[in-house]
Amino acid sequence: MPSYRVTLGVGLLLPGVDPAALLPAAADAARALTKVEAQDVAVVAGEARVVVRYLAGDDDGAADRAAGGGPGA
C-alpha cells in the first residue's frame with residue numbers, strides 16, 4: 001500500500017499557541033478518510049509545518065487527497 005504525505009504551513013498563530021497543539025486535529029482529519037501512518041511538526045525557515053503521512057490504496061483517491069482534494073475529488 002503506498003504512503004502519501006501532506007505538509008501544511010501553519011501560518012500566523014496567536015502568541016503562546018504551540019504549533020504542536022494543531023497536530024491532533026490535522027491527524028484526526030486525515031484519519032476520517034484513511035489510516036494515518038505518522039504525524040509530526042517541523043519548523044522550516046522559521047515557519048511551523050504540520051506533517052501527516054497516511055496509507056492509501058491506489059484506487060481510493062489518495063493522490064487527490066494529497067493534492068488538497070477530499071473524498072471523490
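Guide: Accessible areas here come from the Shrake-Rupley method with a 1.4 Å probe, and for residues only the protein chains shown count as cover. This is a predicted model, in which local features need pLDDT of at least 70 and side-chain atom pairs count only at pLDDT 80 or more, while totals for chains, interfaces and linings use all residues. Residues are numbered from 1 along each chain as its sequence is written, and side-chain values use heavy atoms, with hydrogens and water left out.

Visitor: What share of the accessible surface belongs to carbon and sulfur atoms?
Guide: The chain exposes about 4700 Å² of accessible surface. The part that belongs to carbon and sulfur atoms is 56%.

Visitor: In what order do the elements run from the N terminus?
Guide: Happily, the list is short: 2 helices and 3 strands, taken as DSSP runs (helices H or I, at least four residues; strands E, at least two) and numbered from the N terminus. Along the chain they run β-α-β-β-α.

Visitor: Which strands stand at the edges of the sheet?
Guide: The 3 strands make an open, antiparallel sheet in the order β1-β3-β2, where pairing takes at least two DSSP bridges between two strands. The twist from one strand to the next averages 20°. Two strands have a single partner each, so one side of each lacks a neighbour in the sheet: they are β1 (3-9) and β2 (35-44).

Visitor: Which residue stands opposite Q39?
Guide: Let's look at β2 and β3, which run antiparallel and are joined by 9 bridges. Opposite Q39, in β3, stands V52.

Visitor: What angle does the direction of α1 make with that of β2?
Guide: α1 packs on the sheet and touches β2 and β3, a contact being heavy atoms within 4.5 Å. Axes are lines fitted to C-alpha atoms, for helices over the stretch in contact, and angles run from 0 to 180 degrees between N-to-C directions. For α1 and β2, the angle is about 145°.

Visitor: Which elements each supply at least two residues of the largest nonpolar core?
Guide: A nonpolar core joins buried Ala, Val, Leu, Ile, Met, Phe, Trp, Tyr and Cys residues through side-chain atoms within 4.5 Å. The largest has 8 residues: V10, L23, A26, A30, V36, A48, V50 and V52. At least two come from each of α1 (23-31) and β3 (47-55).

Visitor: Is A45 buried or exposed?
Guide: A45 is found in the loop between β2 and β3, and its phi is near 50°, a positive value in a residue other than glycine. Buried means under 20% relative accessible area, exposed over 50%, partly exposed in between (1.4 Å probe, protein chains only). With 85% relative accessibility, A45 is therefore exposed.
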